[in-house]
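Reader: I am new to this structure and would like a close look at a single part of it, the place where the ligand is held. Could you take me through that part with care?

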Amino acid sequence: MNTKGIIFDLDGVIVFTDKFHYLAWKAVSDELGIYFDEKINNRLRGVSRMDSLEIILEGGKREYSENEKIEIAEKKNEIYKGYLSKMTPSDVSDEVRKTLTELKKRGYLLAIGSSSKNTKYILERVALSDFFDAVSDGTNIKKSKPDPEVFLKAAEFIKLSPCECAVIEDAFAGIDAAKSGGMTAVAIGDAASYEKADIVLGTFSDLLKHF
Ligand code: B16
Ligand code: MG
């Protein structure tokens, strides 16, 4: 392992916006009369907005047109952004902030690799906009995780080859993306039980034991 760069997933790793995704999708599903729970929400980790909607509509009783889908996704995003607007720097734990600062001190290039189109807004809300060397997110990719595109772009942005990068992920789809991109896959949270991960973290600061 010759790691020079570390690429962080955002939702579920740096910030816990997964609870806001849940609440927003729950509000939309309730209105549509479609069953939605935490277990279904777990399947949406790392998955793009439109792909997430497809998973939710599996529980629907009818087909939805493309226009209807766009409308539903927009409504969900408006509700979601309402929650994001209340985020503050205290939504990033001291543990995460200190660990990131120490990794930077150790000379690693640090990037974000997130499926979210709201990444830049979230980083702004938690005062991390200027912290990372590069941000690759839902606005610069065509294919969502488990495709490796978002991480390959992040590696490109920090001018490293994939094998010089480690990816920190909470989603099974994100671990698959890191592996198929040729990167070291580091799992935390929900992904910690995934056997494909190269390294499993009990807590975020465990990163300092490995890098
Ligand atoms: P948006 P990550 C992902 O973020 C979320 O885990 C996933 O639930 C969400 O659908 C996706 O971003 C798209 O988010 O609707 O804000 O564009 O884990 O890749 O940082
Ligand atoms: Mg995530």
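Author: Of the 18 residues around ligand 1, those that come nearest are Asp11, Val47, Ser114, Ser116 and Asn118, where a residue counts as near if one of its heavy atoms lies within 4 Å of the molecule. This is a predicted model, in which local features need pLDDT of at least 70 and side-chain atom pairs count only at pLDDT 80 or more, while totals for chains, interfaces and linings use all residues. Residues are numbered from 1 along each chain as its sequence is written, chains are lettered from A and ligands numbered from 1 in the order in which they are written, and side-chain values use heavy atoms, with hydrogens and water left out.

By class, the shell around ligand 1 consists of four nonpolar, eight polar and six charged residues, with Asp, Glu, Lys and Arg counted as charged, Ala, Val, Leu, Ile, Met, Phe, Trp, Tyr, Cys and Pro as nonpolar, and the others, Gly among them, as polar. Polar contacts (pairs of N or O atoms within 3.5 Å) tie in here: an N or O atom in the side chain of Asp11 is 2.6 Å from an oxygen atom of ligand 1, and for the side chain of Lys145 the corresponding distance to an oxygen atom of ligand 1 is 2.8 Å.

At least three residues of this shell come from each of domain 1 (5–15 + 91–210) and domain 2 (18–84), with bounds from an automatic or database domain assignment. The centres of domain 1 and domain 2, taken over C-alpha atoms, are 24 Å apart.

Definitions and conventions. A polar contact is a pair of N or O atoms within 3.5 Å; within protein, one must be able to donate a hydrogen and the other to accept it, and residues adjacent in sequence count only if both atoms are side-chain atoms.
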